[in-house]
Amino acid sequence: RNGTIVYSSPSLERVMGYTPEEVLGKRAAEYVHPDDLDYLTRIHEFTVAHPGVIQSADLRFRHRNGEWRYLESVAHNLLEDEDVSGIVINFRDVTERKQAERLQQEYSRALEDRVYERTRELKSKNEQLEQTLSQLREAQNQLIIREKLASVGALVAGVAHEVNTPIGAVVSRMSVPRERSCVIDTPNPVTHPISPQTTPCANDI
């Protein structure tokens, strides 16, 4: 009831290095890790207060060689059993399992940290890529605008050329009848010498 060891099986020596005679009369708390003592106290009080209950817990116990070993302990309250009048505790060494679990947790945390950092890097690169694409789209739009303006300028120049060419032709054609009229109006130099009135037209020719 107070946690004093009154019996131990021979298997204790194989698991923890102690002989049964070494632990008889001692309290189990003497072998428990200091950080686990509060937990042990709560488990023990609960087990004592509930006859017939079976309670399990993982606690660190000191091995004879000084190492701390994880023991999976299962306590069965048989205080009301006249043949036992105590709490029977069975345990097994689960140190390797605990170490594997701890390594798995450390690996998981390291993996989560790497994933977090990688995610941050990818997010930063995506933002840079989006900025670059935005700049390229803006440059493309500016290029399209310049090409359109150049096309409009070429079209305007072509239209101006087409307009100027017929005008030049009309002016040229209009000048021909004037020359002909001057020729027609010019008197025969043999029969009619050129008079001063016709000189301007002759000069035009």
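## The largest pocket

Five elements, α1 (11–16), α3 (37–49), β1, β2 and β3, each give at least two residues to the lining of the largest pocket. Among the contributors to this lining, α3 has the largest share, with 7 residues. Please keep in mind as you look around that this is a predicted model.

The volume of the largest pocket comes to about 1200 Å³. Its lining counts 45 residues, and those closest to the centre of the pocket are I5, Y7, A28, I87 and I89. Sorted by class, the lining of the largest pocket holds 25 nonpolar residues, 15 polar ones and 5 charged ones.

## Salt bridges across elements

Now to the charged side chains. Side chains of opposite charge can pair when their charged atoms come close. In this model the count is 10 salt bridges, and a few of them are worth a visit.

One of them joins the side chains of D58 and K98, with 3.1 Å from N to O. D58 belongs to strand β1 (residues 54–62) and K98 to helix α4 (residues 95–185), so this pair ties together parts that are 40 residues apart in sequence. The two partners fall into separate accessibility classes: D58 is partly exposed, at a relative accessible area of 24%, while K98 is buried, at 19%. The cut-off helps here, because buried means under 20% relative accessible area.

Another salt bridge brings together the side chains of R69 and D93, at 2.9 Å from N to O. Here R69 sits in strand β2 (residues 68–78) and D93 in strand β3 (residues 86–93), so the pair links parts that lie 24 residues apart in sequence. D93 is partly exposed, with a relative accessibility of 30%.

## A pair within helix α4

Helix α4 also has a salt bridge of its own, between the side chains of R97 and E101. The N to O distance in this pair is 3.6 Å. R97 and E101 are 4 residues apart in helix α4, so about one helical turn separates them. R97 is partly exposed, with a relative accessible area of 34%, and E101 is likewise partly exposed, at 34% relative accessibility.

These residues also take part in a wider arrangement: salt bridges with shared partners connect D58, E72, R92, R97, K98 and E101 into one network. That network includes both D58 and K98, the pair that ties strand β1 to helix α4.

Conventions. Residues are numbered from 1 along each chain as its sequence is written. This is a predicted model: local features need pLDDT of at least 70, side-chain atom pairs count only at pLDDT 80 or more; totals for chains, interfaces and linings use all residues. Side-chain values use heavy atoms; hydrogens and water are left out. A salt bridge is a side-chain nitrogen of Lys or Arg within 4 Å of a carboxyl oxygen of Asp or Glu. Buried means under 20% relative accessible area, exposed over 50%, partly exposed in between (1.4 Å probe, protein chains only). On a 1 Å grid over the protein atoms alone, a cavity is a set of points where a 1.4 Å probe fits but cannot get out, and a pocket is an open set with protein on both sides within 12 Å along at least five of seven lines; lining residues have an atom within 4 Å of a point. Grid points are joined across faces, edges and corners, and a volume is the space filled by probe spheres set on the points. Ala, Val, Leu, Ile, Met, Phe, Trp, Tyr, Cys and Pro count as nonpolar, Asp, Glu, Lys and Arg as charged, and the others, Gly among them, as polar.
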